[in-house]
Amino acid sequence: MTTPDIRVEKGHAEPEEVAAITAILLARAAAAPAAPTHRARPKAGWRRLEREPGFRAPHSWH
């Protein structure tokens with residue numbers, strides 16, 4: 001394979017700079033959790049207006 005994994009879009013990066021950024025990216029990828037964590041609240045905290053009833057009683061503070 002002749003295409004590089006990292007490409008500099010603008011300017012010129014020295015090999016040491018490319019190696020440093022690669023090390024940072026690999027360290028961040030290794031620190032990320034492997035599986036997504038489950039959220040405590042599976043339901044959204046907001047409501048979609050089109051699914052709400054058209055009228056609420058004035059004494060209702062819900």
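**Surface and contacts of the predicted model**

Ile 24 is partly exposed, with a relative accessible area of 46%. Partly exposed lies between buried (under 20% relative accessible area) and exposed (over 50%), with a 1.4 Å probe and protein chains only. The model is predicted: local features need pLDDT of at least 70, side-chain atom pairs count only at pLDDT 80 or more, and totals for chains, interfaces and linings use all residues. Residues are numbered from 1 along each chain as its sequence is written, and side-chain values use heavy atoms, with hydrogens and water left out.

Ile 24 sits in helix H1, residues 15–31. The protein has one helix and zero strands. Both are DSSP runs, numbered from the N terminus (helices: H or I, at least four residues; strands: E, at least two).

Ile 24 joins Ile 6, Ile 21 and Leu 25 in a nonpolar surface patch; together they have about 340 Å² of accessible area. Patch residues have over 30% relative accessible area and no salt bridge; nonpolar side chains (Val, Leu, Ile, Met, Phe, Trp, Tyr) are joined within 5 Å, like charges within 9 Å. Areas come from the Shrake-Rupley method with a 1.4 Å probe; for residues, only the protein chains shown count as cover.

The protein exposes about 6,700 Å², 60% of it supplied by carbon and sulfur atoms. Of its 62 residues, 0% count as buried.

One salt bridge is present (a side-chain nitrogen of Lys or Arg within 4 Å of a carboxyl oxygen of Asp or Glu). The side chains of Arg 7 and Glu 9 form this contact at 3.0 Å, N to O. Arg 7 and Glu 9 are both exposed.
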